[in-house]
Each structure stands twice: as structure tokens, then as C-alpha cells.
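Trainee: Could we go through this chain together before I get back to the bench? I'd like to start with the overall picture and then look at some charged residues.

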Amino acid sequence: MVTAAGPAFEQLPPSGLQAGWRRAVDQEELHRHLTTLEGWREFTTQDPAPPDLLPADVLAGLGPDERQDYDDARLDYHTRMTVAATSTLRTVVHTGRRLTLLNRHAISARRGLILSGPAGTGKTTALTQFGKTIEAIDRRQHPGVGGRIPVVYVTVPPAATSRMLAVEFARFLGLPVTVRANITDVIEAVCGVLIDARVTVVCVDELHNLSLATRSGAEVSDTLKYFSERIPATFVYAGVDLEANGLFNGTRGRQIAGRFGVIETVAFPRTEEWTGLVTTLEEALRLHHHRPGTLEGLAHYLHDRTGGMIGSLSHLIRGAALDAILDGTEKITRKSLQSVKLDRAAETRKSKPAS
């Protein structure tokens, strides 16, 4: 079997530079590179505990370098923080898990799942957390068994061609792809590895980069369909407003609609769940002078500011937490939240005055 830790992918740094390059990025960046097997495994296996807040007397006794290290650890923590188990995320994980079981013995016509909705509504978070759940289940069921790749995570490149998509799969696996390799060779290599590695779920993000109205987009769709027929796995797609983008139009679109269920991700309404989400994020903060309940009391303001978009909410609270550490205030207030710039959509969205 070809192992996923095989030769370097052609677009990565030359092999002579790999040792130094890997040392530089292993701890700092690979957890962000979900579209490589190493990065994906880093993401699914590493769940660092929140840093403890030091007592005031211990904090006062730290030297300059020790205090910098302490603050740097908290800064890094707040760039990630916790993932709140929203109703949407729970629905995706439950539905996806059910599909993997239904597809377990299917010979053909396996069913898939599509996550579609506006930007910032948690599609990628739900997709990756579902993949992480499948990884954890596979490790529990097959302890100590090497060579398994239960989950693949790839993104559809902008203006993708079928070869570009096939290369994305190869890049995830670390398979060598030369300029001269044709798409059939790449697909055969990918399918061979994934079948041998007992893949269970294939996650394909950024599906809105695929347009069935173009020839190349139609070919990408055909390539995904071919992968789904060859690889005995559950395919889960995610993208921005896919129905409005024509994903279900025409013959190919009807084929997709006939095999995939759709979960629409939307902005959160101003309900108890929204307040609970704010509270969860607040409880995850690691700031010395933040008064518990402050953000919960600002739940309506936060909803007005973000329009109920979980991506904007996470950015806002994490950004304010970083500012609180950097400026030494160690707390989040309404004033400090107002100083954090959000995405253009959130900033220009009409909202009612906060109550």
C-alpha cells in the first residue's frame, strides 16, 4: 500500500529544505493546514486544554520573559478557543453519522450530505467537527491500527478543473504528482490509497467554487461523482448558497439533488440559544479582570452587531480578548467590543438599536 506519508508533493518546498521547513511549521501552522493529512491529524488529535490563570501574587512575580511567554500562550489560545455545540453542529454530526451507517454496506448509490448557507454561518466548523467526530470513532474502534485514513478533507480551488481537484486529493495524501501525470493516473492513485486506507468520510469544502454552467465546472462535478462511485465513503459537501449558485440545475444538478440531503445553515435568531452561545464563549475566556456575565448581558448588542452570524461573533469576541491581553486591561467591555472591526457584511448590515 502506498502510505500517506510518502514523497513530498510537487508544489511543496524541495526535499532538501523539507526538514527545516517541517520544524518551522509543525507546531505553529500544521493545525491550520487541514487540506494535508498531517495538518488534519494535528487538528483531530490535538485539543489543548485552556491555560490556567495564575494567581495575582504569582503573576506579579513573573520576570519579563516569563510574563511574555504566559501572555503569548493565552494569545494563542484565544485565536482558537472553544467550538460551541450549536444546534446546527449537532444536527450535522447526527445526520452525517446516520449516513455513514446507512452507507456502510451500500454497493452503489450511497447518499451524501450538503451544507449550504450564507458565509459566516458555521458551515466549515460543522464540516470539520463532523470529520473530527468520525476520526475519534475510528480510533476508538481500531486502537493502535496504523495505515487508516478515515477522513479526507479537501477544498475546491477557484476556477477548478477536474485535474486540479484530483491533485487536491493527492496533496492531502502526500502523493507525488508530476507535471506530466495525467488525471487518470492521479485518480487511480488516490482511489487505490483511500480504498486500502478504509476511508469512511470525504469532506469537500468551498463547493461554491464549482459552477455547473461552465465546462470545467461540469467536469469537476463528474470527477466528484466518479470519486463517490469508486470510493466506499460518505461524501459531505459545504459551500456558500449552493442552491442559488445553480448546484441543482440541469441533469448533473438533478443527479446531485437525488443523492444528497441538504442542511441549510442560517444566522441565529435572538433566542435563548444565542444567549447560551455567547455564555459558552464567555466562559472560555482566560482574562484576569473580566467580570463573568458581562457578555451575556450584552447578548442583544452582540446579535445586533453580528446579525446572528456565528463566524462574526467568534471573530468579535476573540478579537476583543486579544486586545484585552495586549493592552493590559484583561477584560472585555462594550467599548472594547466596538473597537473591533468586523467583516464588511456585518459592518454594513442594518440592525436595530441594542436594547
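Mentor: We will take the overall make-up of the chain and then some individual residues, keeping in mind that this is a predicted model.

Trainee: Fine, so how many helices and strands are there in the chain?

Mentor: The secondary structure comes to 16 helices and five strands. The chain has 355 residues, and buried residues make up 46% of them.

Trainee: And what about the surface, how much of the accessible area belongs to carbon and sulfur atoms?

Mentor: Carbon and sulfur atoms account for 54% of an accessible surface that comes to about 18,000 Å². As for contacts within the chain, if you take those between residues at least 6 apart in sequence, 73% join residues at least 24 apart.

Trainee: Let's get to charges. How many salt bridges does a search of the whole structure find?

Mentor: The search finds 13. In general terms, side chains of opposite charge can pair when their charged atoms come close. A good place to begin is helix α4, where the side chains of R80 and D76 meet in a salt bridge with an N to O distance of 2.6 Å.

Trainee: Where do those two sit relative to each other in the helix?

Mentor: R80 and D76 are four residues apart in α4, which is about one turn of the helix. R80 counts as partly exposed at 36% relative accessibility, and D76 is also partly exposed, at 30%.

Trainee: What does D71 pair with?

Mentor: D71 forms a salt bridge with R67, and their closest N and O atoms are 3.1 Å apart. These two lie about one helical turn from each other because they are four residues apart in helix α4. Their surroundings differ in exposure, since D71 counts as buried at 12% relative accessibility, whereas R67 is partly exposed with a relative accessible area of 27%.

Trainee: Which residue forms a salt bridge with E135?

Mentor: That is R139, with the closest N and O atoms 3.6 Å apart. E135 and R139 are in helix α6, which covers residues 123–141, and being four residues apart they are separated by about one helical turn. E135 is buried, with a relative accessible area of 5%, while R139 is partly exposed at 35%. Going back to R67 and D71, salt bridges that share partners join them with R74 and E330 into one network.

Trainee: Back on the surface, which residues gather in the patch of negative charge?

Mentor: The patch brings together D65, E66, D69 and D72. D72 is found in helix α4, which covers residues 64–80, and D72 is partly exposed with a relative accessible area of 35%. A residue must have over 30% relative accessible area and no salt bridge to belong to such a patch, so the 35% of D72 is above that cut-off.

Trainee: Now a different one: what is the nearest side chain of opposite charge to D205, and how far away is it?

Mentor: It is K123, at 7.3 Å, and D205 is buried yet has no salt bridge. A salt bridge needs a side-chain nitrogen of Lys or Arg within 4 Å of a carboxyl oxygen. D205 lies in strand β3, residues 201–205. Setting aside residues up to four places away in sequence, D205 touches T124, L127, Y153, V154, T155, V156 and A238.

Trainee: What about R252, which residues is it in contact with beyond its sequence neighbours?

Mentor: Leaving aside neighbours within four places in sequence, R252 is in contact with L212, A218, S221 and D222. R252 is placed in helix α10, residues 250–259, and counts as partly exposed at 33% relative accessibility. The C-alpha atoms of R252 and K225 are separated by 9.6 Å, although the two are 27 residues apart along the chain.

Trainee: Last topic, backbone angles. What is the phi of A159?

Mentor: A159 has a positive phi of about 50° although it is not a glycine. For background, most residues other than glycine have a negative phi. A159 is found in the loop between β2 and α7, and it is exposed, with a relative accessible area of 65%. E206 also has a positive phi, near 60°. E206 lies in the loop between β3 and α9 and counts as partly exposed at 29% relative accessibility.

Methods. Residues numbered from 1 in each chain as written. Predicted model: local features only at pLDDT ≥ 70, side-chain atom pairs only at ≥ 80, totals over all residues. Heavy atoms only, no water. Patch = residues over 30% accessible without salt bridge, like charges linked within 9 Å, V, L, I, M, F, W, Y side chains within 5 Å. Areas by Shrake-Rupley, 256 points an atom, 1.4 Å probe, with all protein chains shown as cover. Lys, Arg positive; Asp, Glu negative; His and termini not counted. Charge placed at Lys NZ, Arg CZ, Asp CG, Glu CD. Buried < 20%, exposed > 50% of the residue type's maximum accessible area, 1.4 Å probe, protein only. Contact = heavy atoms within 4.5 Å.
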